[in-house]
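This briefing covers pockets and one helix pair in a predicted model. What is the volume of the second largest pocket, and which residues are the closest to its centre?

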Amino acid sequence: IFGATGYTGFELIRLLLSHPRVKISVLTSEQYSGLPVDQAFPPFRGRLAGAAFGKTDAALSADFDTAFLALPHTVSASVASKILSRKVPVVDLSADFRFRSIPLYESVYGVLHGSPSLAARAVYGLPEVYREPLRKTRLAAVPGCFPTSVILALYPLLAERLIDLKGIVADCKTGVSGGGRSPSPGFHYPEVEGGVRPYGLPKHRHNPEMDQELSLAAGEKVSITFVPHLIPMVRGILATCYATMRPKVAAGAVEAAYRKHYAKEPFVRLCPPGVLPSTKDVSGSNFCDVAFLADEKTRRLIVVSAIDNLVKGASGAAVQCFNLMAGFPEGDGLPAAPLFP
């Protein structure tokens, strides 16, 4: 695990410690290099005996079978290139390989891409959509947390041509852990507690990622309105998406679309009638809960999804991708039920 001391790195350690086919052999951190894992992360006391954090450059030559990159954007690309040159598979949790268009990535993140030639080899790491390509790739690009919640909410509707492509809105609420482990005023809990605020306007950097994947689902250009809000909780994303059903589309067709795409999915749970998703119901798990409400008179459709941003929105999805790439059962390392309360 490269970049193991952020929240996504912590979640990778937590999940992989319960994986029956994995042994964690390398952990990197520039900040904590040389420090025993027990000291940096007391929750893992006694679980990684003798393990210590090393620097990235030294770890690149170590012996390992798969690399998880929980590194900052722009850093992942160059590290991935060096690891892939050894024919070692890479699961990247940054944004460096999520975009089909290098110019789009560079415009969104304001940097030059570190390994543009690798981008064409990457598979977008959403198993519910790209399961078979993930089985064959050596480079998985784990989606962003907001895109995961929104794409899973809207994908069946667009794939089955049930909604208008214009006027789609995704209103999302997220906890402060999405801002990372290093505190900043905007995400520092004492300054967040007791308030709710939008951020990332007029266009959050996850918006183009959503548009890319939703356009592929629809077969033509889709551009949605996405507004994230920060709320005073640690984990979770709740996405409430609004769309207009196409003429003559009935509520039964909407239900059929969700059952067609998700009835057999191991980590997408369709809520029963009268039950709406809650971030509390998925906390600490790799589940995405989805519910929809269709009004045939007004043609309005509301879809709500809930995920844990650090698990299904990041590290859990990474483990799911890894299992597909390695030929392991897809749920290995991901059996945990949600935490409650």
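The second largest pocket has a volume of about 330 Å³. Its lining is made of 16 residues, and Val22, Lys23, Ser25, Asp65 and Thr66 are the closest to its centre.

**Second largest pocket: lining**
- By class, the lining of the second largest pocket holds ten nonpolar, two polar and four charged residues.

**Largest pocket**
- The largest pocket encloses about 1,100 Å³ of space.
- It is lined by 43 residues, of which Thr8, Ala70, Leu71, Pro72 and Gly180 are the closest to the centre.
- Four helices are listed as giving two or more residues to this lining: α1 (7-16), α3 (56-59), α8 and α12 (311-326).
- The lining of the largest pocket divides into 16 nonpolar, 22 polar and five charged residues.

**Helix pair α8 and α10**
- Helix α8 spans residues 145-159 and helix α10 spans residues 207-218; their axes come within 9 Å and cross at roughly 20 degrees.
- Because angles under 35 degrees count as roughly parallel, α8 is roughly parallel to α10.
- The crossing of the two helices is right-handed.
- On the α8 side, the contact is made by Phe146, Pro147, Val150, Ile151, Leu154, Tyr155, Leu158 and Ala159.
- On the α10 side, Glu209, Met210, Glu213, Leu214, Ala217 and Ala218 take part.
- The contact of α8 with α10 comprises twelve nonpolar residues, two charged residues and no polar ones.

Technical notes:
Residues numbered from 1 in each chain as written. Predicted model: local features only at pLDDT ≥ 70, side-chain atom pairs only at ≥ 80, totals over all residues. Heavy atoms only, no water. Axes fitted to C-alpha atoms, helices over the stretch in contact; angles between N-to-C directions. Parallel < 35°, antiparallel > 145°, perpendicular 65-115°, else oblique. Left-handed = near helix turned anticlockwise from the far one by under 90°. Contact = heavy atoms within 4.5 Å. Nonpolar A, V, L, I, M, F, W, Y, C, P; charged D, E, K, R; others polar. 1 Å grid on protein atoms, 1.4 Å probe; cavity = no way out; pocket = protein on both sides within 12 Å on 5 of 7 lines; lining within 4 Å. Points joined across faces, edges and corners; volume = space filled by probe spheres on them.
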